Amino acid sequence: MSGIRPTGYLHLGNYFGAMKNYVKLQEEYTCFFMVADLHALTTHPDTRELKENVHRVIAENIACGINPDKAALYCQSHVRETSELYLYLNMLAYLGELEKTTTFKDKARLQPDNINAGLLTYPVLQTADIILHRASWVPVGKDQEQHLEMARNFVKRFNHRYGEVFPEPMAYNFGEQLVKVPSLDGLGKMSKSENQMATIYLADDDELIRKKVMKAKTDAGPTEPNTPKPDYIENIFQLMNLVSKAETIQAFEKSYLDCTIRYGDMKKQLAEDMVEFVAPIRMKAASIQQDKTYLKKTMDIGAEKARDSATKTMQLVRAAMGLDY
Ligand code: TRP
């Protein structure tokens with residue numbers, strides 16, 4: 001089970017760090033992939049753009065290879081059982097631990113005029129999402145580790161008080177396959193919201209991709225054979241590794257070693273390979289996003305699968321809690 005908030009645009013970091021692996025997971029496991037529109041309300045109370053954003057995330061997920069006939073691909077608010085479980089779990093969550101959560105503290109600092117209770121209990125809602133399907137594995141990045149640890153604590157408390165209902169959810173680690181996608185400015189990773197010119201989004205058009213890649217930081221090139229690569233050059237090679245052919249990469253590696261490399265040429269090549277990679281995903285996502293009938297049907301199917309699983313869990317929960325009179 002995993003979730004993604006419909007705030008901001010999906011980028012190459014999301015693709016290589018998450019979605020590409022989800023596509024593999026759906027072949028091996030019963031998967032639930034959810035668009036967290038309720039979580040979005042904790043930071044984005046204005047809902048005018050929410051529907052389009054939810055549609056876009058669903059469309060992009062499908063364009064990236066999530067198969068709605070295999071995995072349950074659904075929208076959080078379509079599964080009302082989430083809210084019920086969230087309520088019960090709130091009675092097991094302590095103010096002290098919620099206030100100590102890193103993401104709460106960060107967001108409270110960013111929006112001092114809207115430190116709402118939903119922001120405080122964000123990890124409780126996330127726990128409800130996960131354990132609603134009694135999920136064991138949650139494929140997420142490092143930034144979600146604290147939330148998962150809290151989820152395990154809430155589960156332990158529930159099981160201890162009311163009887164064993166839930167497995168303890170663990171982060172699903174892709175190990176070797178976990179790729180970090182560096183940003184184009186050599187400063188950190190590609191990101192949903194910060195530094196948009198250093199991040200390639202799946203919705204970027206060809207010209208914008210070219211422009212962003214050509215702006216990537218380089219220098220005059222190595223002057224002595226076998227010089228170690230500076231970080232920002234290493235990043236360009238890493239990005240090539242994601243989208244370019246092996247021969248192309250080898251040729252640039254060789255020209256780096258013998259100091260004949262021309263970074264302008266390398267970036268032009270990288271830009272073209274990126275365009276070739278992103279364009280089909282962008283076009284597929286755009287055509288899905290326009291097809292509101294298909295989107296509705298797909299989200300209905302996903303919601304039904306999720307509700308099916310949620311209904312079963314909630315029967316166990318109510319029975320365990322003695323709320324089955
Ligand atoms: N908190 C996650 C994020 O910001 C999104 C999320 C919501 C989630 N519910 C989840 C992730 C359940 C995993 C499982 O990225």
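Trainee: Why is lysine 215 called exposed?

Mentor: Its relative accessibility is 57%. The cut-offs are under 20% relative accessible area for buried, over 50% for exposed and anything in between for partly exposed, worked out with a 1.4 Å probe and protein chains only. Since 57% is over 50%, lysine 215 counts as exposed. You'll find lysine 215 in the loop between helix 10 and helix 11 (231-243). Helices here are DSSP runs of H or I with at least four residues, strands are E runs of at least two, and both are numbered from the N terminus.

Trainee: What should I know about the model itself?

Mentor: It's a predicted model, where local features need pLDDT of at least 70 and side-chain atom pairs count only at pLDDT 80 or more, while totals for chains, interfaces and linings use all residues. Residues are numbered from 1 along each chain as its sequence is written, and side-chain values use heavy atoms, with hydrogens and water left out.

Trainee: Okay, on to the ligand. Which residues come nearest to the ligand?

Mentor: There are 14 residues around the ligand, and Arg5, Tyr122, Gln126, Asp129 and Gln144 come nearest. To be near, a residue needs one of its heavy atoms within 4 Å of the molecule.

Trainee: How do you know that aspartate 129 makes a polar contact with the ligand?

Mentor: A polar contact is a pair of N or O atoms within 3.5 Å; within protein, one must be able to donate a hydrogen and the other to accept it, and residues adjacent in sequence count only if both atoms are side-chain atoms. A polar side-chain atom of aspartate 129 sits 2.8 Å from a ligand nitrogen, so that pair qualifies. Glutamine 144 also has a polar side-chain atom by a ligand nitrogen, at 3.0 Å, and for arginine 5 the partner is a ligand oxygen, at 3.2 Å. Taken alone, the ligand exposes 360 Å², and the protein buries 91% of that; such areas come from the Shrake-Rupley method with a 1.4 Å probe, and for residues only the protein chains shown count as cover.

Trainee: Which element gives the largest share of the shell around the ligand?

Mentor: Helix 8 does, with four residues. Helix 8 (122-131) and strand 1 (2-4) each supply at least two.

Trainee: What makes tyrosine 22 and phenylalanine 33 a stacked pair?

Mentor: Rings of Phe, Tyr and Trp (its six-membered ring) pair if their centres lie within 6.5 Å; planes under 30 degrees apart are stacked, over 60 edge-to-face, and the rest tilted. The whole structure has ten aromatic pairs. In this one the centres are 4.6 Å apart and the planes are at 10°, so the pair is stacked. The pair links distant parts of the chain, with tyrosine 22 in helix 1 (residues 12-28) and phenylalanine 33 in strand 2, eleven residues apart.

Trainee: Why do tyrosine 22 and phenylalanine 33 count as buried?

Mentor: Tyrosine 22 has 10% relative accessibility and phenylalanine 33 has a relative accessible area of 5%. Each value falls under the 20% limit, so buried it is.

Trainee: Then why is the pair of tryptophan 137 and tyrosine 172 edge-to-face?

Mentor: Those centres are 5.9 Å apart and the planes stand at 90°, which is over 60 degrees, so edge-to-face is the right label. Tryptophan 137 lies in strand 4 (residues 137-138) and tyrosine 172 in the loop between strand 5 (170-171) and helix 10 (206-214), so the pair ties together parts 35 residues apart in sequence. Tryptophan 137 is at 42% relative accessibility and therefore partly exposed.

Trainee: How do you know that strand 2 and strand 3 pair?

Mentor: Two strands pair if DSSP finds at least two bridges between them. Strand 2 (residues 32-35) and strand 3 have four bridges, in the parallel sense, so they pass. Phenylalanine 32 stands opposite alanine 72 in strand 3.

Trainee: Which way do the residues of strand 3 point?

Mentor: In strand 3 (residues 72-75), Ala72 and Tyr74 point one way, Leu73 and Cys75 the other, and all are buried. In a regular strand, side chains alternate between the two faces of the sheet.

Trainee: Last one: why is arginine 134 called partly exposed?

Mentor: Its relative accessible area is 38%, which lies in between the two cut-offs, so partly exposed fits. Arginine 134 is in the loop between helix 8 and strand 4, and its phi is near 50°, a positive value in a residue other than glycine.
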